[in-house]
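User: I should like a close look at a single part of this structure, with each term explained as it arises.

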Amino acid sequence: MDLNEIQRLVRRGEGHYLEFKKKANHPDKIMKEVVAFANTDGGTLLIGVDDDGTLSGTRSIEGEAFIVEKAIKELTRPQVKYELELFKLSEKKGIAIFKIPEGKRKPHFVKEDPNTRNGSAFVRRDDESLQASKEMREILKRNSKTRDERFVYGEKEKVLMELIEQDGFATLASFSQAAKIKKYFASKTLVKLVLANLLEIEPQADGDRYYLKDE
């Protein structure tokens with residue numbers, strides 16, 4: 001990318017496909033953004049750009065990029081793929097451009113440390129990277145297998161549709177309460193209907209929302 005292309009990209013501001021970081025001081029936190037891009041629609045991470053979009057650059061940009069690359073290799077599972085490009089603003093300062101494609105082996109996790117498999121998955125919503133719920137992780141996993149999902153339209157599905165018509169959306173808690181079923185069964189039903197392409201899921205910090213899928 002040349003300077004004009006970077007400036008055009010940055011003018012869009014942070015959002016669903018774009019994240020700015022001044023430095024790689026906290027690579028574990030940066031991995032949340034990397035994994036969220038991979039688990040959603042892909043995106044671009046810029047190191048050396050202020051939150052307000054100022055192209056201030058970072059000293060020793062090669063070292064900053066190395067820190068991020070090392071974290072991707074050690075802290076993401078399955079390891080997230082990426083493309084890296086370095087752009088020099090001056091002799092001392094530069095910008096690192098990490099292009100993260102949508103992952104093919106979802107969900108991707110940020111590991112707690114390099115020696116464990118334990119970790120958390122994240123997804124992108126607008127300019128936020130949110131921790132993925134159990135339902136979202138299951139949807140990501142099963143969507144990757146691209147198989148048709150079938151379901152039986154019964155009483156609890158009818159209650160769910162009435163709830164969405166009434167409130168505009170449903171949550172795991174509201175569906176469980178309205179249908180008078182345990183959250184375990186409500187969860188399985190919601191996942192099935194998303195995979196059957198009848199509902200869409202919108203991640204939220206306070207709990208996912210489920211909407212009727214637009215035709």
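Analyst: The account below begins with one helix and then turns to a sheet and its neighbours.

This is a predicted model, in which local features need pLDDT of at least 70 and side-chain atom pairs count only at pLDDT 80 or more, while totals for chains, interfaces and linings use all residues. Residues are numbered from 1 along each chain as its sequence is written, and side-chain values use heavy atoms, with hydrogens and water left out.

Helices (H or I, at least four residues) and strands (E, at least two) are DSSP runs, numbered from the N terminus. Helix α6 spans residues 172–179, and its buried residues (under 20% relative accessible area, 1.4 Å probe, protein chains only) are Phe175, Ser176 and Ala179. Seen down the axis of α6, these residues fall within an arc of 100° (taken from the directions from the helix axis to the C-beta atoms), so they line one face of the helix. Their cover includes α5 (155–167) and α7 (183–195), where contact means heavy atoms within 4.5 Å. Just after α6, Lys180 has a positive phi of about 55°.

Helix α4 (residues 134–143) also has buried residues, among them Met136, Ile139 and Leu140. The buried residues of α4 pack against α6 and α7, and also against partners including α2 and β8.

Strand β8 belongs to an open, antiparallel sheet of four strands, ordered β4-β7-β8-β9; two strands pair if DSSP finds at least two bridges between them. The edge strands, each pairing on one side only, are β4 (76–77) and β9 (128–131). Four bridges join β8 (residues 119–125) to β9, and Val123 stands opposite Leu130 in β9.

Notes. Buried means under 20% relative accessible area, exposed over 50%, partly exposed in between (1.4 Å probe, protein chains only).
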